[in-house]
Amino acid sequence: TGHVRRRGGRPLPEGVTGDLIEAAGARRGPKLARDLAAAASAYEAGRYAEAHKLLRPMIDAAPTAAGVRELEGLTLYRLGRWKAAIAELTTYHELTGSVDQYPVVADCQRALGRHDAVDALWEELRQASPGVEVLTEGRLVLAGSLADRGRFPEAIAVLDRFEPDRARPKEWHLRTWYALADLYELAETLGLE
């Protein structure tokens, strides 16, 4: 199979479209691959309801297409449908073994007030030791969850112990610094520092 292009010209990864075509069959697969490209474009443009509408039939036609489950989970997350997002991203994890979306699952659990689940997901993520960006996202969610529980010193410690190279900061450094500044400001405002 060749690359299926999204609007805007960037192709979808061949493995994603290949999995979809294989799961849906040779007759339906190519059309669904084009629909997946349209759904990815809609997602990237912030048109989450449109992306969701395109993705649902794909899941029915090809329930084992991991890339479709991942994009649907992320779309549901953006729509604020936490429980449905957890279900899709859990299926994605079961199909791939990847923990890359655990921070999103943890943030959904946080939104539902399930802080024990956030703690458990963080521990699994930490032990899996994925890339630094995924771990950073997990730390940010964990720190937010701790702050939600009023545990500001612990929340600050989660983010404060990772001192980056300030001469060459990456995006994840900046996100950590902003979150840490917010925690310090909130703790000070509440007189908890």
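This short presentation describes a predicted model of a protein, with attention to helix α8 and its surroundings.

Good morning, colleagues. I begin with the overall architecture. The secondary structure of this protein comprises 10 helices and 0 strands, so that reading along the sequence gives the pattern α-α-α-α-α-α-α-α-α-α. The protein has 193 residues, and 46% of them are buried. Among contacts with a sequence separation of 6 or more, 48% join residues that lie 24 or more positions apart. The exposed surface comes to about 10,300 Å², of which carbon and sulfur atoms supply 51%.

I turn now to helix α8, which spans residues 132-148. With 17 residues, α8 reaches 24 Å from its first C-alpha to its last, close to the 24 Å expected at 1.5 Å a residue. This helix is mostly covered, as 13 of its 17 residues are buried.

What does α8 pack against, and at what angle? One partner is helix α10, residues 171-189; the two pack at an angle of about 10°, and their axes are 10 Å apart. Angles under 35 degrees count as roughly parallel, and α8 and α10 are therefore roughly parallel to each other.

The residues that form this contact can be listed for both sides. From α8 come V132, E133, T136, E137, L140, A143 and A147, and these meet W172, R175, T176, A179 and L183 of α10. By class, the residues of this contact divide into 7 nonpolar, 2 polar and 3 charged. A general remark on helix geometry is useful when viewing such a list: an α-helix has 3.6 residues a turn, so residues three or four places apart point the same way.

The backbone on either side of α8 also deserves comment. Ahead of the helix, S129 sits in the loop that links α7 (115-128) to α8. The phi of S129 is near 50°, a positive value in a residue other than glycine. For context, most residues other than glycine have a negative phi. Just after α8, G150 likewise takes a positive phi, here of about 80°.

Finally, I mention a second helix, α3, covering residues 48-61. Helix α3 has 14 residues and reaches 20 Å from first C-alpha to last, close to the 20 Å expected at 1.5 Å a residue. Which residues of α3 are buried? They are A51, H52, L55, M58, I59 and A61.

Thank you for your attention.

Notes. Residues are numbered from 1 along each chain as its sequence is written. This is a predicted model: local features need pLDDT of at least 70, side-chain atom pairs count only at pLDDT 80 or more; totals for chains, interfaces and linings use all residues. Side-chain values use heavy atoms; hydrogens and water are left out. Axes are lines fitted to C-alpha atoms, for helices over the stretch in contact, and angles run from 0 to 180 degrees between N-to-C directions. Helices (H or I, at least four residues) and strands (E, at least two) are DSSP runs, numbered from the N terminus. Angles under 35 degrees count as roughly parallel, over 145 as roughly antiparallel, 65 to 115 as roughly perpendicular and the rest as oblique. Contact means heavy atoms within 4.5 Å. Ala, Val, Leu, Ile, Met, Phe, Trp, Tyr, Cys and Pro count as nonpolar, Asp, Glu, Lys and Arg as charged, and the others, Gly among them, as polar. The expected span of a helix is 1.5 Å times one less than its number of residues. Buried means under 20% relative accessible area, exposed over 50%, partly exposed in between (1.4 Å probe, protein chains only). Accessible areas come from the Shrake-Rupley method with a 1.4 Å probe; for residues, only the protein chains shown count as cover.
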